[in-house]
Amino acid sequence: MGEPVKSSDVAADNQAIVSQEIRDIEEGYQAARAAGQPAEIQPRVDYPPYRSSILRHPTKSLHHTDPETIELYSPAFGHQDVHALESNLTIQHGGEPLGERMVLRGKVLDGNGRPVAGQLVEIWQANSAGRYIHKRDQHPAPIDPNFTGVGRCITGPDGSYEFLTIKPGAYPWKNHLNAWRPAHIHFSLFGTEFTQRIVTQMYFPGDQLFPLDPIYQSIVDQDARDRLVARYNHDLTSPEWALGYEWDIVLTGSKRTWTENEAYGEQGESEH
Amino acid sequence: MPASEQLTPTPGQTVGPFFGYALPFEKGGELVPPGSPNSVKLHGTVYDGNGNPIPDALVEIWQADSNGNIPDETGSLVRDGYTFTGWGRTPVGNTGKYVFSTVNPGPTEPGKAPFFAVAVFARGLMNRLFTRAYLPEDTEALENDALLSSLEPARRKTLIAERLADGSLHWDIRLQGEDETVFLDFHAEG
């Protein structure tokens, strides 16, 4: 306490300074683990190397409470809300987007391993050059007129989702001097309870930018970080067409007692 | 099921700065059409630790209907103007303000204090935060509420919306600082 608050939105520091902060936090975590502290499976909300987090994290611990009735259910989504073609990000305009075409497939499961069926999955991402279609993205990379980078789908009875898209590019951001984000796709997910709601990011295997990125590194545990990295799957890759990636998502455990029907989601909903 | 058989959850990540063209949707904040009978405006500002409004935050609510029933209707993303789905999502504006047009949630069981379940997202916020916005009127139900009664008075009041003279509900979200909103953990995820 008493130290001045570091400016949260000025790219004043270079990568070496930020990388040192990341390493110091990592060492502290390793020491805590060696002393018997439990693994941290979620990102730290207080993670100073990500400058924008400094004034935007709660300083008090989350207050543990039991979910009440409304929190034990989730909003419902259906085919009225999401058209089947919205899962194909390559056909939203007049022509083919540029870049590396990819199929992305996976399952949404709850903490008990049950499929999350009939729920909304939303994704958004940069184009292959690392540019978002967003008025505040000023990165001077080309905008692809055939790529918006937004997709949605409803999970199948087995919790599965699938998107056809373009591999996003890495891009610079202004956290610090020479800050670059690893390529990633943003995911928004709902479970069977409101308490399972998460937004996260999926990354690609082998990215050289991982050690440098404070957002990825805000998850201090390597096993937990690895859960955000998709797996390349050549069986999903199709000849002359698209590379295949696979990424499963696990939400927190459900606290509500399920009825048997719910485990199968909204089967038949599309026949309405 | 014992904890050892549980799968480990996927970590969350910040919603980032560029969700604005992906997550917000037309009438996302209108659970009922503004100005319709019994409609209520729920509004407030999202603040950072210096007390400045955050322009790139996103607020979601999920609630019972005015009779306390939990909605199970689809149609939140493509609103027909009639179906109450109980769910809303809206980004804050440049001044950090959010607005929902909705109805007062009813008690889900007799004597329960009605509230909006809320999820908050923002650039710079590493993981979504859960909280609640309670209606201020049923003071006896508020006294008996398990969460509220476990909090000291100064913290408790961050979860109770204020009813303004125009009938609207005013409720601010403070991510940090004095009067930091109470944020919730349902699964002991730390």
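Strand S1 of chain A and strand S10 of chain B, residues 184–185, pair in the parallel sense over 2 bridges. Within S10(B), B:Leu184 is the bridge partner of A:His63. The model is predicted.

Step back from that strand pair to the whole interface. Here 85 residues of chain A are in contact with 72 residues of chain B. Chain A and chain B bury about 7100 Å² between them. Carbon and sulfur atoms account for 59% of that area. A:His63 returns at this point, now with A:Arg56 and A:Ile70. These three residues supply 12% of the area that chain A buries against chain B, more than any other three residues.

Polar links come next. Between chain A and chain B, 41 residue pairs are in polar contact, with both residues at pLDDT 80 or more. The count of salt bridges between the two chains is 5. One of them joins A:Glu122 to B:Arg89. Their closest N and O atoms are 2.8 Å apart.

Which elements of chain A give two or more residues to the side that touches chain B? Strand S1 (63–64) is among them, and so are strand S3 (120–125) and strand S4 (150–154). Strand S8 (184–189), strand S9 (198–203) and strand S12 (249–250) also belong to the list, as does helix H2 (214–217). S9(A) gives the most, with 5 residues.

Finally, consider residue character. The side of chain A that touches chain B divides into 37 nonpolar, 28 polar and 20 charged residues.

Conventions: Residues numbered from 1 in each chain as written. Chains lettered and ligands numbered in written order. Predicted model: local features only at pLDDT ≥ 70, side-chain atom pairs only at ≥ 80, totals over all residues. Heavy atoms only, no water. Contact = heavy atoms within 4.5 Å. Buried area = accessible area lost by both parts, 1.4 Å probe. Salt bridge = Lys/Arg side-chain N within 4 Å of Asp/Glu carboxyl O. Polar contact = N/O pair within 3.5 Å; in protein donor to acceptor, adjacent residues only side chain to side chain. Helix = DSSP H or I, 4+ residues; strand = E, 2+ residues; numbered from the N terminus. Nonpolar A, V, L, I, M, F, W, Y, C, P; charged D, E, K, R; others polar. Pairing = 2+ DSSP bridges.
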